[in-house]
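Reader: I have a new structure to look at, and I would like to learn how to read it step by step. Could we go through it together?

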Amino acid sequence: MILPITSENNQNGHLVIGGNDVLKLREKYGTPLYILDIATIKNKCQSYRNNFTFSDLDVGIIYAAKAFICTAMCELIAREGLGLDVSTGGELFIALASGFPADRIYFHGNNKSVEEIRYGLKSKVGYFMVDNFLELETLGKLCEKNNTRQKIMLRINPGIKANTHEYLQTGEIDSKFGFSLSSNVALEAVKKVSQYKNLELTGIHAHIGSQIFNILCYSRLIEVFIKFIREVRDKLGVSITRINIGGGLGVKYTPEDKPSSIEDLAKIVYDAVREYQKKFDVSLDKLYLEPGRSIIGNAGVTLYKVGVVKKIDGVKNYILIDGGMSDNIRPMLYQAKYYAYLANKMGDSKNTEDDRKIHYSIAGRHCESGDVIIDDIKLQPVSSGDFIVVATTGAYCYSMSSNYNGQPKSAVVAVENGKSWVWIKRQTYKDLVMGDVKLYEN
Ligand SMILES: Cc1ncc(COP(=O)(O)O)c(C=O)c1O
């Protein structure tokens with residue numbers, strides 16, 4: 001599935017999502033427009049809950065807010081019963097402002113400032129995901145000073161290479177994240193925790209990468225984790241019973257993509273837990289996952305209006321859209337691939353896969369030649385005034401968006417059961433100067 005699960009075509013040949021004709025959404029909210037299908041988000045949350053129910057192992061599903069966060073998304077995640085991974089004071093603020101229960105918040109970040117650590121403690125977040133010795137020390141001392149207890153998990157760098165783009169690999173030996181398993185750094189970290197009597201070590205965490213298709217690396221991660229837990233018990237007499245294997249499950253961006261399902265992931269994870277608990281004589285009582293992309297990615301699309309269609313004879317046909325790298329930086333950042341549809345000609349006899357005969361490059365309106373959302377896609381003939389929908393833009397698009405070239409950020413609209421409403425308002429030109437001050441003070 002590339003488009004959201006509620007997608008269909010109506011008799012006018014328009015794309016319909018969540019019971020809403022996207023051209024009507026365009027009339028109401030303008031373009032570029034992020035459209036989020038609530039049914040798809042709920043479906044993914046449910047799929048995680050259902051597939052990760054095991055009789056002998058408790059599982060906690062934590063949504064990774066960095067994929068997409070706003071007040072409404074936090075509210076939805078809270079209702080779905082998931083935890084929330086935040087990675088900065090800013091994300092923590094959004095979560096708390098939405099009323100998200102603090103005890104279900106997992107506070108990540110590889111370089112938390114002292115202010116952020118204080119903020120997390122004051123807010124009584126459930127868990128600090130401690131990345132490094134400085135954070136451990138700062139947190140330990142602050143807890144002692146304030147006479148408060150805090151649950152923590154240690155982020156471990158397991159030295160595992162995930163099969164994905166190098167910028168999306170986060171568990172390799174040279175990664176900036178976590179305590180390395182090599183040279184006993186992670187073991188030292190566990191030892192150090194015991195110096196701080198107000199810190200309660202509840203488990204270990206790793207996130208080895210994102211948009212992972214070959215999910216066997218999770219089995220390897222679980223093996224490495226359980227082996228380490230055994231080592232910790234043998235060498236330090238410390239018992240660790242919880243592991244957090246991070247997020248990373250890949251999603252479908254193009255017809256060629258063949259991601260594993262949540263069900264496949266659950267099976268691999270459960271089999272590995274059983275096998276390695278036995279092998280290393282270790283007993284876990286809880287496992288956590290932190291999916292981001294696989295919950296929100298396929299729920300989102302971006303609707304653009306086609307402006308200029310430019311033909312460079314014998315070289316390239318450009319479709320120039322009214323957004324671009326300011327609302328989706330991923331193709332430029334790590335060559336991410338996307339797929340698109342002509343939203344106003346979905347049901348046309350000319351819109352079958354066979355009628356996609358012309359090669360186009362879908363480019364944005366920004367002052368960079370690299371501002372290309374899809375470098376080469378076959379479509380039926382496209383004209384100025386048509387509408388392009390780019391699929392799978394729910395994750396890491398709005399959250400990485402910018403005001404480059406003074407482009408106001410696009411609105412985010414939620415759709416469900418024929419209704420639509422704004423989750424995030426479109427910025428105006430005035431918003432662009434909100435924080436600006438004059439050249440001199442007086
Ligand atoms: C610590 C952590 N957990 C979870 C995630 C979510 O990953 P994904 O969106 O690929 O599921 C990330 C993403 O970078 C992460 O850094």
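Author: Gladly! Let us begin with a term: two strands pair if DSSP finds at least two bridges between them. Please keep in mind that this is a predicted model.

Reader: With that in hand, which residue of S13 stands opposite Val-59?

Author: Strand S5 (residues 58–64) and strand S13 (residues 286–289) are joined by four bridges, and at least two are needed for a pair. The two strands run in the parallel sense. Across from Val-59, in S13, stands Leu-287.

Reader: Which residue of S13 is the bridge partner of Ile-243?

Author: Here we look at strand S12 (residues 242–244), which runs parallel to S13 and is joined to it by three bridges. Leu-287 already stood opposite Val-59. For Ile-243, too, the bridge partner in S13 is Leu-287.

Reader: Now the beginning of the chain. Which strands are the edge strands of the open sheet there?

Author: This sheet has three strands in the order S1-S2-S3, with antiparallel pairing. S1 and strand S2 (residues 15–17) share two bridges, and Asn-9 stands opposite Leu-15 in S2. An edge strand pairs on one side only, and that holds for strand S1 (8–9) and strand S3 (20–21).

Reader: Why do the buried residues of H1 line one face of the helix?

Author: In helix H1 (residues 22–29), the buried residues are Val-22, Leu-25, Arg-26 and Tyr-29. Look down the axis of H1: they line one face because they fall within an arc of 105 degrees.

Reader: What comes after H1, and where is the cis peptide bond?

Author: H1 is followed by Gly-30, which has a positive phi near 80 degrees. In the loop between H1 and strand S4 (33–37) lies Pro-32. The cis peptide bond, with omega near -10 degrees, goes from Thr-31 to Pro-32.

Reader: How many residues of S4 are buried, and which strands does S4 pair with?

Author: On one side of S4, Leu-33, Ile-35 and Asp-37 are buried, and on the other Tyr-34 and Leu-36 are. That makes five of its five residues buried. S4 pairs in the antiparallel sense over four bridges with strand S14 (residues 300–312), and five bridges join S4, running parallel, to strand S20 (residues 411–416).

Reader: Which residues are the bridge partners of Leu-36 in S14 and in S20?

Author: Leu-36 is one of the buried residues of S4. In S14 its bridge partner is Gly-300. In S20 the bridge partner of Leu-36 is Ala-414.

Reader: Back to helices: what covers the buried residues of H7?

Author: Helix H7 (residues 185–193) has Ala-186, Ala-189, Val-190 and Val-193 buried. They are on the same side of H7, because they cover an arc of only 100 degrees around the axis. What covers them includes helix H6 (133–146), strand S9 (150–157), strand S10 (179–180), strand S11 (199–205) and helix H8 (216–236).

Reader: Does Asn-147 count as buried or exposed?

Author: Asn-147 sits in the loop between H6 and S9. Its phi is positive, about 55 degrees, although it is not a glycine. A residue with 12 or fewer C-beta neighbours within 10 Å is exposed. Asn-147 has 7 C-beta neighbours inside 10 Å, so it counts as exposed.

Reader: And does Gln-335 count as buried or exposed?

Author: Gln-335 is in the loop between helix H11 (330–334) and strand S16 (340–342). It has a positive phi of about 50 degrees and is not a glycine. With 10 C-beta neighbours inside 10 Å, Gln-335 counts as exposed.

Reader: How far apart are the C-alpha centres of domain 1 and domain 2?

Author: The domain assignment gives domain 1 as 8–37 + 297–433 and domain 2 as 108–291. Their contact takes nine residues from domain 1 and eight residues from domain 2. The C-alpha centres of the two domains lie apart by 36 Å.

Reader: Last one: which residues come nearest to the ligand?

Author: There are 17 residues around the ligand. This shell divides into five nonpolar, eight polar and four charged residues. Those that come nearest are Ala-64, Ser-210, Gly-247, Gly-292 and Arg-293.

Terms used: Residues numbered from 1 in each chain as written. Predicted model: local features only at pLDDT ≥ 70, side-chain atom pairs only at ≥ 80, totals over all residues. Near = placed C-beta within 6 Å. Nonpolar A, V, L, I, M, F, W, Y, C, P; charged D, E, K, R; others polar. Buried ≥ 20, exposed ≤ 12 C-beta atoms within 10 Å, placed from the backbone. Arc of directions from axis to C-beta. Contact = placed C-beta atoms within 7 Å. Domains from an automatic or database assignment.
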